[in-house]
Amino acid sequence: MAKSKIRNIAILTGGGDCPGLNAVIRAVTKTAINKYHLNVFGIEDGYRGLIENRIFPLTFANASGILDVGGTILGSCNKSNPFKFPVKTASGKTVMQDVSDLCIQNLAEKNVDALICVGGDGTMTSAADFAKKGMPVMGVPKTIDNDVYGTDTTFGFDTAVYTATDALDKLHTTASSHHRIMIVEVMGRYAGWIALYSGIAGGADVILMPEFPYDIKKVCDYVIERGKVGKKFSIIVVAEGAKPKGGHMVISKTDNNSPDPIKLGGIANVLSEQIGHLTGLDTRATILGHVQRGGTPTPRDRQLGTMFGYLAVDYLMKGVKNQLVILNDNHPGCVPLAKIRGKIKTVKPNDPMVLAAKAVKTSFGV
Ligand code: F6P
């Protein structure tokens, strides 16, 4: 095999933060230095730092002692698409501009031969666009939502499911003591992975997800039926992107300067009102929010982050480029960024977890 010409690599973490990012940064840095004697640069705050030329050396010293630390030592940003970046004109108007050439120039100044982009679908879309411009890129799939297309799983998801399950366990006691309907809203954007996995692990009675629009009457009938057989409380897990049949998702705010302008949130409050009104039962809503993105990564996320980080460097040095490192049927591999660009992975009706939930009589409100 031809010797790789790569001498200098850079890494950035884009999109929403999640547990396990530091495991990737550590693995990339240590693999690159240890195994391949490369120079490694860290880019601050995702693509924003690349646009603003905030690039600094990563060494054993600054990539050490971070494996169990949540967040990202590099910082992140989910508002900076270099191909559509908000710039103020002389007249004070904000216009969207392609500033990707500036990014390439900033990388060239440091003689960066390849870029590792750690992120979700938005980060991968820009990574694919940089690959098209001739910059060798490797993607690493990150997100609590588990919705990155092409991979079995993303790091960050396991920790979020753990946090949500812990919350469900804790809410069970109040639900049971007060004979209440507890509605717990979890994140996940347009995919119901966190709701499905935490709902199963936390013994939820009802799981509502964007993939299966619900019928509110069926949800109410289900909790009333439970009451008739002595179960005077119910736990409902609802994904932030869940919506009723023929209805819409609940939007908490819109940010037009973000490549992902729609912020979901608030469906638990809507359901609490409706279910309380329709059943006469005492209902409460809990919105878990960003707590799902925080904290110490689980062992699984540290392992996944370490393996993905190592793979990204190893593939690059073997001459592979412009791919996303993945797990496919539990085997490490990679898929072309161009193939996954703009796609997300959602829950299918025949997913084994959906079938298992149905088998134990969990309702999806359909
Ligand atoms: O993609 C991760 C995520 O936490 C989603 O689950 C959620 O919809 C979104 O990010 C929230 O974004 P922000 O941090 O901008 O509020």
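## Arg 189 and Asp 145 at the domain boundary

Let's start with one ion pair: Arg 189 and Asp 145 join their side chains in a salt bridge, with N and O 3.6 Å apart. Keep in mind that everything here comes from a predicted model. Between domain 1 and domain 2 the count is five salt bridges, and there are also nine residue pairs in polar contact, both partners at pLDDT 80 or more. On domain 1, the side that touches domain 2 breaks down into six nonpolar, seven polar and six charged residues.

## How the two domains meet

The domain assignment splits the protein into domain 1, made of 8–155 plus 297–340, and domain 2, covering 159–293. Their C-alpha centres sit 32 Å apart. Domain 1 puts 19 residues into the contact, and domain 2 puts in 17 residues.

How much area do domain 1 and domain 2 bury between them? The figure is about 1400 Å², and 50% of it is on carbon and sulfur atoms. Three residues stand out on the domain 1 side: Lys 79, Ile 144 and Asp 145 supply 36% of the area that domain 1 buries against domain 2, more than any other three residues. Asp 145 has already come up as the salt-bridge partner of Arg 189.

Phe 155 is worth a look too. This residue is in the loop between strand 7 (137–141) and helix 5, and it counts as buried because its relative accessibility is 0%. Phe 155 is 132 residues from Ala 23 in sequence, yet their C-alpha atoms are 9.7 Å apart in space.

## Salt bridges elsewhere

Across the whole structure there are 21 salt bridges. Some of them join up: Glu 44, Asp 45, Arg 48, Glu 52 and Arg 54 form a salt-bridge network. Within that group, Glu 52 pairs with Arg 54, with the closest N and O atoms 2.8 Å apart. Glu 52 is partly exposed at 39% relative accessibility, and Arg 54 is also partly exposed, at 24%.

Two other pairs sit along helices. In helix 5 (residues 157–178), Asp 166 and Lys 170 are four residues apart, so about one helical turn separates them. They form a salt bridge whose closest N and O atoms are 2.9 Å apart. Buried or exposed, what is Lys 170? Lys 170 is exposed, with a relative accessible area of 53%, while Asp 166 is partly exposed at 33%.

Helix 7 (residues 216–228) holds Lys 217 and Asp 221, again four residues apart, about one turn of the helix. Their side chains meet in a salt bridge at 3.1 Å, N to O. Here Lys 217 is exposed at 53% relative accessibility, and Asp 221 is partly exposed with a value of 37%.

## Asp 205, a buried acid

Asp 205 sits in the loop between helix 6 (193–201) and strand 9 (206–208). Why does Asp 205 count as buried? Its relative accessibility is 9%, and the cut-off for buried is under 20%.

What does the side chain of Asp 205 reach? It gets to the backbone nitrogen of Ile 235, at 2.7 Å. Setting aside neighbours within four places in sequence, Asp 205 is in contact with Tyr 222, Arg 226, Phe 233, Ser 234, Ile 235, Lys 361, Thr 362 and Ser 363.

## Helix 11 and two positive phi angles

Lys 361, one of those contacts of Asp 205, leads us to helix 11. At the N-terminal end of helix 11 (residues 352–359), Asp 351 acts as a cap: a side-chain oxygen is 2.8 Å from the backbone nitrogen of Met 353. Just past the helix, Lys 361 has a positive phi of about 70°. Lys 361 is exposed, with a relative accessibility of 61%.

His 37 is another non-glycine residue with a positive phi, this time about 55°. Where does His 37 lie? His 37 is in the loop between helix 1 (21–36) and strand 2 (39–43). This histidine counts as exposed because its relative accessibility is 65%.

Technical notes: Residues are numbered from 1 along each chain as its sequence is written. Side-chain values use heavy atoms; hydrogens and water are left out. Buried means under 20% relative accessible area, exposed over 50%, partly exposed in between (1.4 Å probe, protein chains only). A polar contact is a pair of N or O atoms within 3.5 Å; within protein, one must be able to donate a hydrogen and the other to accept it, and residues adjacent in sequence count only if both atoms are side-chain atoms. Contact means heavy atoms within 4.5 Å. A salt bridge is a side-chain nitrogen of Lys or Arg within 4 Å of a carboxyl oxygen of Asp or Glu. Domain bounds come from an automatic or database domain assignment. Buried area is the accessible area (1.4 Å probe) that two parts lose on being put together, summed over both. Ala, Val, Leu, Ile, Met, Phe, Trp, Tyr, Cys and Pro count as nonpolar, Asp, Glu, Lys and Arg as charged, and the others, Gly among them, as polar.
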